[in-house]
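Visitor: I am new to this structure and would like to be walked through it. Please show it to me before I ask anything.

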Amino acid sequence: MSKAKEDTKNIMTCDFEIKGKIPKEAFEMFAAAQAKILGLRGYITQVSEECFKGQLQGEGRVIEAFKQLVLSAAEYVAAVKEFVIKNLKAIDDYTYKTFEVKEK
């Protein structure tokens with residue numbers, strides 16, 4: 001195994017969906033702040049009144065940590081009904097520079 005390969009972290013990508021009666025602006029800001037703290041890249045967007053979708057890129061354990069943070073955040077714990085991670089797979093490099101909030 002080459003030295004360069006050992007130095008690169010295992011980058012994972014996944015789609016996610018969060019359902020519930022969640023306040024849009026506050027939640028998007030919260031999600032973006034948590035993703036940035038964790039070093040995740042990707043985006044979040046509200047697709048309907050009770051559904052946010054997006055993509056995450058980062059280490060697998062960090063993606064899981066993001067999910068747990070969202071599910072355990074006191075201000076949203078009652079509002080979030082479901083957090084689904086789909087299409088989790090390894091990628092060679094990031095396709096997003098940062099984590100952003102996208103308007104639909």
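Visitor: Which residue in β3 does Lys19 stand opposite?

Guide: This is a predicted model, where local features need pLDDT of at least 70, side-chain atom pairs count only at pLDDT 80 or more, and totals for chains, interfaces and linings use all residues. Residues are numbered from 1 along each chain as its sequence is written, and side-chain values use heavy atoms, leaving out hydrogens and water. Strands (E, at least two residues) and helices (H or I, at least four) are DSSP runs, numbered from the N terminus. The residue in β3 opposite Lys19 is Cys51.

Visitor: How many bridges join strand β1 to strand β3?

Guide: Two strands pair if DSSP finds at least two bridges between them. Strand β1 covers residues 11-20 and strand β3 covers residues 51-59. They run antiparallel, and the number of bridges joining them is nine.

Visitor: Which strands stand at the edges of the sheet?

Guide: The sheet is open, has five strands with mixed pairing, and follows the order β4-β1-β3-β2-β5. Each edge strand has a single partner, so one side of it is left without a neighbour in the sheet. The edge strands are β4 and β5.

Visitor: What angle does the direction of α3 make with that of β4?

Guide: Helix α3 packs on the sheet and touches β1, β3 and β4, contact meaning heavy atoms within 4.5 Å. Axes are lines fitted to C-alpha atoms, for helices over the stretch in contact, and angles run from 0 to 180 degrees between N-to-C directions. For α3 and β4 the angle is about 170 degrees.

Visitor: How many aromatic pairs does a search of the whole structure find?

Guide: Rings of Phe, Tyr and Trp (its six-membered ring) pair if their centres lie within 6.5 Å; planes under 30 degrees apart count as stacked, over 60 as edge-to-face and the rest as tilted. Searching the whole structure gives a number of aromatic pairs equal to nine.

Visitor: Why is the pair of Tyr43 and Tyr96 tilted?

Guide: Both residues are buried, that is, under 20% relative accessible area, with exposed over 50% and partly exposed in between (1.4 Å probe, protein chains only). The ring centres of Tyr43 and Tyr96 are 5.8 Å apart. The pair is tilted because the planes stand at 50 degrees.

Visitor: Which residue has its charged end over the ring of Tyr43?

Guide: A charge sits over a ring if NZ of Lys or CZ of Arg is within 6 Å of the ring centre and within 35 degrees of the ring normal. Here the charged end is 4.2 Å from the centre of the Tyr43 ring, and the residue is Lys102.
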